[in-house]
Amino acid sequence: MTAFAEGISAATVREHGLTEDEYGQILKRMGRPPNYTELGIFSVMWSEHCSYKSSRRWLKELPTTGAQVICGPGENAGIVDIGDGQAAVFKMESHNHPSFIEPYQGAATGVGGIMRDVFTMGARPVANLNALRFGDPAHEKTRHLVSGVVAGIGGYGNCMGVPTVGGEVNFHPSYNGNILVNAMTVGVVDQDKIFYSAAKGVGNPVVYVGSKTGRDGIHGATMASAEFDDNSDEKRPTVQVGDPFTEKLLLEACLELMAGDAIIAIQDMGAAGLTSSSVEMASKGEVGIELNLDQVPCRETGMQPYEMMLSESQERMLMVLHPGRQEAARAIFDKWGLDFAVIGLTTNTGHLTLNYQDEVVADIPVEGLTEDAPIYDRPWTSTPKPATLKADACPPPDDLGAALLTLMGSPDLASRRWIWEQYDHSVMADTVGGPGGDAAIVRIHGTNKGLAITTDVTPRYCQADPIEGGRQAVAEAWRNLTAVGATPLAMTDCLNFGNPERPRIMGQFVECLSGMGEAGRALDFPIVSGNVSLYNETNGEAILPTPAIGGVGVIRDLAKRAHVALEETGDVLLAVGKTGGHLGQSLFAREIHAREDGAPPPVDLATERRNGNFVRTCIEKGMTTSVHDISDGGLYVAVAEMALAGGIGAALEAPHTNTHGFLFGEDQARYVLAVRPDQVDRILSQAQDASVPAQILGHVGGAGLTVNAGRAVSLSTLREVHEGWFATTLSTRT
Amino acid sequence: MKTCVIVFPASNCDRDVAVALEKMGASPKMVWHGETDLPATDLIVLPGGFSYGDYLRSGAMAARAPIMREVLKRASKGTPVLGICNGFQILTEAGLLPGALMRNAGLKFICKTVAVTVENNETIFTARHTQGQHIHIPIAHHDGNYFADEDTLDHLEGEGRVVLRYDDNPNGSARNIAGIVNKSGTILGMMPHPERSIDPLTGTCDGKALFESLVEALA
């Protein structure tokens with residue numbers, strides 16, 4: 001006979017997303033039935049979103065260390081050494097479920113949340129990026145969702161004055177009922193000014209700052225841990241409402257306070273709000289924490305402990321201060337017009353104790369909420385290896401130029417200008433390379449160094465072969481950084497998958513991580529932070545497995561960097577890496593032949609590393625400044641993008657057999673370089689010395705693109721189809 | 001040259017403009033909006049951003065911040081004022097410049113580098129430009145659609161007060177107006193961001209001449 005506190009039944013427990021078994025464990029840990037507030041606290045702390053109960057076992061196997069790593073996973077964000085006593089702080093996080101229900105606020109608060117994770121650690125955010133996935137462009141909801149998400153990302157980031165410098169967008173019907181909104185922020189901090197979340201020491205004041213607590217977002221974390229169905233719109237009240245104005249004030253006030261030494265620990269109130277922030281700080285500091293909920297600044301009267309603890313109202317922070325520093329700290333928050341309330345103390349009890357109106361309303365051992373949270377080793381099945389796509393499945397097109405135009409105007413390759421012109425990408429005046437390149441480049445303020453940043457993953461590869469797809473996502477992020485001349489340092493990830501309780505989906509997760517881990521190790525590219533978003537399913541239809549990678553690298557001298565634009569007529573185009581004509585899972589196969597089958601291109605990590613290091617050396621030695629990695633759409637698309645960016649055409653030489661495979665195949669570890677004619681021999685001989693395949697592709701010049709001196713595709717036509725897709729598909733107001 | 005940059009809550013181009021001024025040899029002082037006193041200064045800058053979150057109307061609340069009383073006083077005595085983007089919106093809301101900046105005609109935030117013509121190079125802000133010069137300079141705003149009644153527009157045109165004009169109107173502004181001055185030519189409001197256009201590494205350098213003009217006129 002299961003025991004329940006007054007007013008609680010088995011149904012209440014189920015509504016809180018807890019299984020019977022999990023409830024049994026709660027009883028054991030508490031030694032009594034939890035009351036309603038305690039049940040709510042367990043439910044959010046043990047939710048998939050907060051506890052990583054299905055994923056933790058596998059996350060442990062990812063590479064997270066390296067000489068460059070200052071702080072790996074487990075804190076608010078990851079931190080890497082960028083030299084000169086400075087560090088880059090970064091993380092990517094999902095806000096998928098709320099963005100589908102309320103795209104503007106869902107996306108806006110996603111951006112707000114990830115920026116808080118970064119400035120909580122003492123860093124000033126210097127760049128935002130995102131990785132977005134939407135459904136079929138023809139789906140009735142897609143236009144509304146794209147418009148809302150883009151406006152929300154812009155609305156928040158623009159007001160904060162942090163440039164949104166890059167990202168990626170894909171469309172696929174598997175996202176019709178579950179869009180993905182993954183936001184990434186990168187900040188810069190002095191290494192001796194990093195703040196962590198461990199609430200060390202007993203008897204120290206616990207301080208609440210920022211916005212008041214309202215009834216919004218209650219159970220957001222639980223919602224993010226369940227599938228959707230046709231009634232998901234009813235979950236709208238669980239979506240938080242963002243106020244970037246307050247967050248900008250919170251940012252400046254926190255950084256002002258952080259200039260001194262009043263803070264012992266600080267943690268933002270993100271998912272599961274006051275609950276997770278207080279519990280995590282106590283857990284890391286190995287202390288208890290006692291809160292007096294009467295002191296919590298509330299937006300409305302009559303809020304109950306349950307609501308205060310579970311609210312996900314935005315723009316709030318929890319800090320533990322050195323005793324006696326409260327008043328100096330309060331003065332700073334007063335200046336910025338923000339709430340500041342001492343709401344509790346750290347204790348030696350090891351418990352989270354909540355007082356409200358002179359009563360103890362909750363008393364839970366902190367360990368029970370964190371260390372003892374359930375961990376599942378869920379059953380999983382391997383994805384069968386797909387057969388290689390036969391050559392006759394993808395015959396040559398009648399007209400190579402027409403095929404190029406189709407690809408360049410397709411949803412996944414069309415220019416994203418319509419999106420990124422809605423983002424302020426030049427504020428802070430340090431954007432050296434904005435949206436549209438392989439990786440964004442942001443100057444480290446006041447120096448001649450830069451951070452290169454990218455987001456990438458190819459979900460169709462992950463679907464076909466999760467191991468290969470996982471490898472490829474990491475390799476491509478690494479390649480993007482390399483293509484601008486950066487030394488890749490580390491990555492963050494945002495692991496978006498379906499329901500882990502289904503072995504096939506769990507298998508996708510396990511195998512993607514296996515590929516990612518292998519690639520991270522082989523490329524010295526550890527994962528320092530990240531986020532897992534499971535249950536991305538609607539009515540049992542899962543999304544494509546989408547482990548988005550956010551990569552960060554450093555450029556030590558900004559004079560030595562590359563961009564995608566072709567520069568001068570007469571320059572020679574070189575391909576670095578072996579072109580084998582792999583068309584399986586290519587955009588050519590999908591857009592021209594409507595085929596989504598076959599094996600994705602294999603990734604050889606040793607080759608990847610060798611080719612990338614060679615290209616980076618060419619950039620560092622000043623032998624080229626015009627480089628593009630070859631990815632979606634293959635070599636011809638890469639050259640077309642370079643031509644459009646530079647406003648100059650190119651004449652390509654291609655083999656006469658399997659020409660379309662050569663032009664549109666998506667073999668990995670490849671780059672296009674444009675170089676001055678007098679550099680060609682030098683580069684080719686150095687490539688040979690380094691065992692890197694390199695070949696002459698053609699020449700830069702003219703007003704269009706030609707292959708083997710055939711009919712030209714004019715740049716103006718190319719530009720029209722490339723720039724036109726978003727405007728015509730999405731600009732009509734709905 | 002002594003300069004003051006006013007910092008409102010959620011100003012976000014205050015640092016950028018201070019960096020630009022420093023680069024030109026001016027030493028900017030940052031002045032908090034809650035102050036009621038301004039130090040001696042040759043130039044007051046109202047920077048870009050989202051003062052008060054753009055709530056109510058862009059610039060409306062900032063125009064009534066405590067420091068603005070002092071800004072108005074100095075402006076009336078002839079101290080030059082430069083308002084960039086949100087600063088331009090504040091200048092119109094404060095009544096220092098005519099007209100208003102409405103939501104962009106396309107209803108979306110726009111961030112891109114645009115071509116602008118210098119229509120009047122006989123101001124302290126534009127003397128280092130040539131008359132009719134085409135410059136390339138970034139814009140980044142949601143509310144840059146300049147509006148005034150026809151009479152006002154005719155006056156502005158007649159008095160040479162339309163200083164900057166878009167070559168290809170990005171936001172629906174009346175008469176393609178990107179920047180105007182007051183009657184005495186001491187107050188400039190402009191939507192484009194000259195402080196983001198001073199370094200070849202990050203884009204164009206056409207914004208430099210504005211700061212150079214000011215240094216030359218005021219130093």
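Trainee: Which residues lie nearest the centre of the largest cavity, and how many residues line it?

Mentor: In this predicted model, the largest cavity has 18 lining residues. Nearest its centre are Gly49(B), Phe50(B), Cys85(B), Ala140(B) and His141(B).

Trainee: What makes this a cavity, and what volume does the largest cavity have?

Mentor: A cavity is space where a 1.4 Å probe fits but cannot get out. The largest cavity has a volume of about 110 Å³, and the structure holds three cavities of 30 Å³ or more. Its lining divides into five nonpolar, nine polar and four charged residues. Gly counts as polar and Cys as nonpolar under the classes used, so Gly49(B) falls among the polar residues and Cys85(B) among the nonpolar ones.

Trainee: Which residues line the second largest cavity?

Mentor: The lining consists of Asn170(A), Phe171(A), His172(A), Tyr175(A), Asp412(A), Pro459(A), Arg460(A), Leu544(A) and Arg590(A), around a space of about 60 Å³. Two elements of chain A, β5 (164–171) and α17 (459–464), each supply at least two of these residues. By class the lining has four nonpolar, two polar and three charged residues.

Trainee: Why is the pair Arg590(A) and Asp412(A) called a salt bridge?

Mentor: The rule asks for a side-chain nitrogen of Lys or Arg within 4 Å of a carboxyl oxygen of Asp or Glu. For Arg590(A) and Asp412(A) the N to O distance is 2.8 Å, so the pair meets the rule. Arg590(A) sits in helix α20 (residues 587–593) and Asp412(A) in the loop between α15 (400–408) and α16 (417–420), so the salt bridge ties together parts of chain A that are 178 residues apart in sequence. Over all chains the structure holds 57 salt bridges.

Trainee: How do you know that Arg15(B) and Asp430(A) form a salt bridge?

Mentor: Their closest N and O atoms are 3.3 Å apart; the cut-off is 4 Å, so the pair counts. Between chain A and chain B the count is three salt bridges. The rule for polar contacts finds 12 residue pairs across this interface, both residues at pLDDT 80 or more.

Trainee: Which elements of chain A supply residues to the side that touches chain B?

Mentor: α8 (142–160), α10 (244–258) and β14 (431–433) each supply at least two. α10(A) gives the most, with four residues. That side of chain A has 13 nonpolar, eight polar and nine charged residues.

Trainee: What area is buried between chain A and chain B, and how many residues does each chain bring to the contact?

Mentor: The buried area is about 2300 Å², with 61% of it from carbon and sulfur atoms. Chain A brings 30 residues and chain B 26 residues.

Definitions and conventions: Residues are numbered from 1 along each chain as its sequence is written. Chains are lettered from A and ligands numbered from 1 in the order in which they are written. This is a predicted model: local features need pLDDT of at least 70, side-chain atom pairs count only at pLDDT 80 or more; totals for chains, interfaces and linings use all residues. Side-chain values use heavy atoms; hydrogens and water are left out. Contact means heavy atoms within 4.5 Å. Buried area is the accessible area (1.4 Å probe) that two parts lose on being put together, summed over both. A polar contact is a pair of N or O atoms within 3.5 Å; within protein, one must be able to donate a hydrogen and the other to accept it, and residues adjacent in sequence count only if both atoms are side-chain atoms. On a 1 Å grid over the protein atoms alone, a cavity is a set of points where a 1.4 Å probe fits but cannot get out, and a pocket is an open set with protein on both sides within 12 Å along at least five of seven lines; lining residues have an atom within 4 Å of a point. Grid points are joined across faces, edges and corners, and a volume is the space filled by probe spheres set on the points.
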